[in-house]
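The following exercises are to be worked through with the sequence and the model at hand. Each task is followed by a solution in steps.

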Amino acid sequence: MINNKMLDALNDQINAEFWSAFLYLSMSADFESKGFEGFAHWFRVQYKEESEHALKIFDYINDRGGTVRLHAIKEVTQTWPTPLAAFEDVLTHELKVTSLIHNLMDIAVQEKDYATQNFLRWYIDEQVEEEKNATAIIEKLKRVGDGGGLVYIDKELKKR
Ligand SMILES: [Fe+2]
Ligand SMILES: [Fe+2]
């Protein structure tokens with residue numbers, strides 16, 4: 001069985017992961033409408049990843065005999081002036097998610113919930129990856145500016 005404090009915190013994280021999914025899907029819609037197919041594709045793949053992050057917690061709560069509670073998803077931004085602006089939001093957001101995951105780990109340690117500590121290690125590693133990806137794309141976007149290089153990066157991201 002999982003204790004209530006840990007359960008509430010994990011249920012909150014399901015909401016945060018779905019909010020992330022929604023944010024990426026919104027980015028996908030915006031860049032699709034602007035003709036950036038590669039960016040739109042990248043964000044759509046990321047949307048799926050975030051949904052999986054949420055569902056992994058969903059399954060874990062069930063495995064531990066807890067009850068999943070879904071809450072309303074807050075509205076997300078709908079448009080970004082440039083791909084760089086979107087990826088800067090991505091990085092800010094992922095840094096926030098990293099701190100949420102670290103908070104969950106703090107609770108798991110306080111509550112001596114060893115199973116949840118193990119479960120969360122995957123998310124800690126995943127956040128290293130997320131921050132790295134966002135940072136790398138931001139650096140590329142800064143290098144190319146607004147010119148034809150953007151078309152090249154758009155093509156690159158389509159391969160994801
Ligand atoms: Fe996530
Ligand atoms: Fe990822």
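**Exercise 1. Locate H53 and determine whether H53 is buried or exposed.**

Step 1. In this predicted model, H53 belongs to helix α2.

Step 2. The relative accessibility of H53 is 3%. Buried means under 20%, so H53 counts as buried.

Step 3. With residues up to four places away in sequence set aside, H53 touches E17, W122, Y123, E126 and E130.

**Exercise 2. Carry out the analogous analysis for E17.**

Step 1. E17 is found in helix α1.

Step 2. Its relative accessibility is 0%, and E17 therefore counts as buried. Both E17 and H53 are thus in the buried class.

Step 3. Apart from neighbours within four places in sequence, the contacts of E17 are E50, H53, A54, I57, V97, I101 and Y123.

**Exercise 3. Identify the residues that coordinate the iron ion (ligand 1), and state what the pair E17 and H53 ties together.**

Step 1. The iron ion (ligand 1) is coordinated by E17 through OE, by E50 through OE and by H53 through ND1. The distances are 2.1 to 2.2 Å.

Step 2. Along the chain, these donors follow the spacing E-x32-E-x2-H.

Step 3. E17 lies in helix α1 (residues 4-33) and H53 in helix α2 (residues 37-63), so the pair joins parts that are 36 residues apart in sequence.

**Exercise 4. Identify the protein donors of the iron ion (ligand 2) and classify E49 and E126 by accessibility.**

Step 1. E49 (OE), E126 (OE) and E130 (OE) are the protein donors of the iron ion (ligand 2), from which they lie 2.0 to 2.7 Å.

Step 2. The spacing of these donor residues in sequence is E-x76-E-x3-E.

Step 3. Because E49 lies in helix α2 and E126 in helix α4 (residues 114-144), the pair ties together parts that are 77 residues apart in sequence.

Step 4. E49 has a relative accessibility of 22% and counts as partly exposed. E126, at 12%, counts as buried.

**Exercise 5. State which residues the UniProt entry lists under "binding site", and where the entry places the ferritin-like diiron domain.**

Step 1. The unreviewed UniProt entry places the feature "binding site" at E17, E50, H53, E94 and Q127.

Step 2. These positions are spread over 111 residues of sequence, yet they cluster in space, with a largest C-alpha distance of 13.1 Å.

Step 3. Three of the listed positions, E17, E50 and H53, coordinate the iron ion (ligand 1) in the model.

Step 4. For "domain: Ferritin-like diiron", the unreviewed UniProt entry lists residues 1-145. In the model, the end C-alpha atoms of this span lie 53 Å apart. The span is 80% helix and 0% strand.

**Exercise 6. Describe the packing of α2 against α5.**

Step 1. Helix α2 packs against helix α5 (residues 149-157) at an angle of about 35 degrees, and the two axes are 7 Å apart.

Step 2. The crossing of α2 and α5 is left-handed.

Step 3. On the α2 side the contact is made by E37, G38, F39, H41 and W42, which meet L150, I153, D154 and L157 of α5.

Step 4. By class, the residues of this contact divide into five nonpolar, two polar and two charged.

**Exercise 7. Compare the settings of F22 and S51: which residues does each touch, and what is the accessibility class of each?**

Step 1. F22 lies in helix α1, whereas S51 lies in helix α2.

Step 2. F22 has a relative accessible area of 42% and is partly exposed. S51 is buried, with a relative accessible area of 15%.

Step 3. Not counting residues up to four places away in sequence, F22 touches I73, K74 and V76. With its neighbours within four places likewise left aside, S51 is in contact with F18 and A21.

Step 4. F22 and T79 are 57 residues apart in sequence, and their C-alpha atoms are 13 Å apart in space.

**Exercise 8. State where K112 is placed and what is notable about its phi angle.**

Step 1. K112 is placed in the loop between α3 (83-110) and α4.

Step 2. Phi of K112 is near 50 degrees, a positive value in a residue other than glycine.

Step 3. The relative accessible area of K112 is 57%. Exposed means over 50%, so K112 is exposed.

Key
Residues are numbered from 1 along each chain as its sequence is written. Chains are lettered from A and ligands numbered from 1 in the order in which they are written. This is a predicted model: local features need pLDDT of at least 70, side-chain atom pairs count only at pLDDT 80 or more; totals for chains, interfaces and linings use all residues. Side-chain values use heavy atoms; hydrogens and water are left out. Donors are N, O and S atoms within 2.8 Å of the metal (3.2 Å for Na, K and Ca); water is not among the atoms, so sites may look incomplete. Helices (H or I, at least four residues) and strands (E, at least two) are DSSP runs, numbered from the N terminus. Buried means under 20% relative accessible area, exposed over 50%, partly exposed in between (1.4 Å probe, protein chains only). Axes are lines fitted to C-alpha atoms, for helices over the stretch in contact, and angles run from 0 to 180 degrees between N-to-C directions. A crossing is left-handed if the near helix is turned anticlockwise from the far one by less than a right angle, and right-handed if clockwise. Contact means heavy atoms within 4.5 Å. Ala, Val, Leu, Ile, Met, Phe, Trp, Tyr, Cys and Pro count as nonpolar, Asp, Glu, Lys and Arg as charged, and the others, Gly among them, as polar. UniProt positions are given in the numbering used here, feature names are shortened, and annotations may be inferred rather than shown by experiment.
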